[in-house]
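Let's walk through this structure together, one region at a time. Have the viewer open and follow along.

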Amino acid sequence: GRCLFDNLKKVMIYVLPAGEFSEALPVFATVFLGMPVPLSTFLMIVICAGTDFVADLALVYEPPDLDLMDRPPRDPKTQPLLDWTLLLNGFAVVGVIEAFFSFLFFFMFLWENGVPFNKVVLAFSTWGDAEVY
């Protein structure tokens with residue numbers, strides 16, 4: 001039970017920011033910053049499902065820690081599977097890091113292909129212009 005609980009917490013820290021925060025942020029950036037969509041919604045879901053499945057299986061079948069039986073059993077009332085510490089770690093730390101590097105590589109790719117930053121961000125009126133891109 002303790003090993004399963006620990007492994008499920010690891011899976012949730014991995015899945016929550018990757019599945020929610022890092023996929024919602026590009027959509028919000030498209031709406032509020034006027035950026036073009038880096039990936040379609042369908043492609044984001046396919047990539048997320050394909051990559052999360054393998055990593056989740058690896059985390060679930062991870063062997064137990066050496067000090068697992070030295071720890072006292074958890075109290076389900078005071079130590080739930082999903083708590084504020086896990087949410088804060090998942091979204092505020094891992095989610096922000098994932099989103100930052102995703103946007104960094106997106107802008108680096110555009111810059112290397114001749115599209116400067118100022119032509120992408122807050123460029124609502126130039127989306128239809130073929131000469132900009």
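The tour below starts with a helix, moves into the nonpolar core and its aromatic rings, and ends at two residues of another helix. Keep in mind that this is a predicted model.

Let's begin with helix α3, which covers residues 84-112. How far apart should the ends of its 29 residues be? At 1.5 Å a residue the expected span is 42 Å, and the end C-alpha atoms are 40 Å apart, so the two values agree. Along the way, α3 bends by about 35° at Gly95. Gly95 is also one of the buried residues of α3, a list that includes Leu86, Gly90, Ala99, Phe103, Phe106, Phe107 and Leu110 as well. As a reminder, an α-helix has 3.6 residues a turn, so residues three or four places apart point the same way. After α3 comes Gly114, which has a positive phi near 90°.

Several of those buried residues lead us to the core. The largest nonpolar core has 9 residues: Ala29, Met35, Phe103, Phe106, Phe107, Leu110, Val115, Val120 and Val121. Helix α3 supplies the largest share of this core, with 4 residues. In soluble globular proteins, nonpolar side chains tend to be buried together. If you zoom in on Phe106 and set aside residues up to four places away in sequence, you will find Phe106 touching Met35, Pro36, Pro38 and Val120.

Now for the rings. The whole structure contains 6 aromatic pairs. Take Phe106 and Phe107: their ring centres are 5.5 Å apart and their planes meet at 50°, so this pair counts as tilted. Both of these residues are buried. Phe103, Phe106, Phe107 and Phe117 together form one aromatic cluster.

Finally, let's visit helix α1, residues 2-33, where Asn7 is found. Is Asn7 buried or exposed? Its relative accessible area is 3%, so Asn7 is buried. Beyond its neighbours within four places in sequence, Asn7 contacts Leu59, Val60 and Glu62. With Glu62 there is a polar approach too: a polar side-chain atom of Asn7 lies 3.1 Å from the backbone oxygen of Glu62. For a sense of scale, the C-alpha atoms of Asn7 and Gly34 are 39 Å apart, with their positions 27 residues apart along the chain.

Asp6 is placed in α1 too. Asp6 has a relative accessible area of 17%; buried means under 20%, so Asp6 qualifies. Again leaving aside neighbours within four places in sequence, Asp6 is in contact with Asp65, Leu68 and Arg71.

Methods
Residues are numbered from 1 along each chain as its sequence is written. This is a predicted model: local features need pLDDT of at least 70, side-chain atom pairs count only at pLDDT 80 or more; totals for chains, interfaces and linings use all residues. Side-chain values use heavy atoms; hydrogens and water are left out. Helices (H or I, at least four residues) and strands (E, at least two) are DSSP runs, numbered from the N terminus. The expected span of a helix is 1.5 Å times one less than its number of residues. The bend at a residue is the angle between axes fitted to the seven residues ending there and the seven starting there. Buried means under 20% relative accessible area, exposed over 50%, partly exposed in between (1.4 Å probe, protein chains only). Contact means heavy atoms within 4.5 Å. A polar contact is a pair of N or O atoms within 3.5 Å; within protein, one must be able to donate a hydrogen and the other to accept it, and residues adjacent in sequence count only if both atoms are side-chain atoms. A nonpolar core is a set of buried Ala, Val, Leu, Ile, Met, Phe, Trp, Tyr and Cys residues joined through side-chain atoms within 4.5 Å. Rings of Phe, Tyr and Trp (its six-membered ring) pair if their centres lie within 6.5 Å; planes under 30 degrees apart count as stacked, over 60 as edge-to-face and the rest as tilted.
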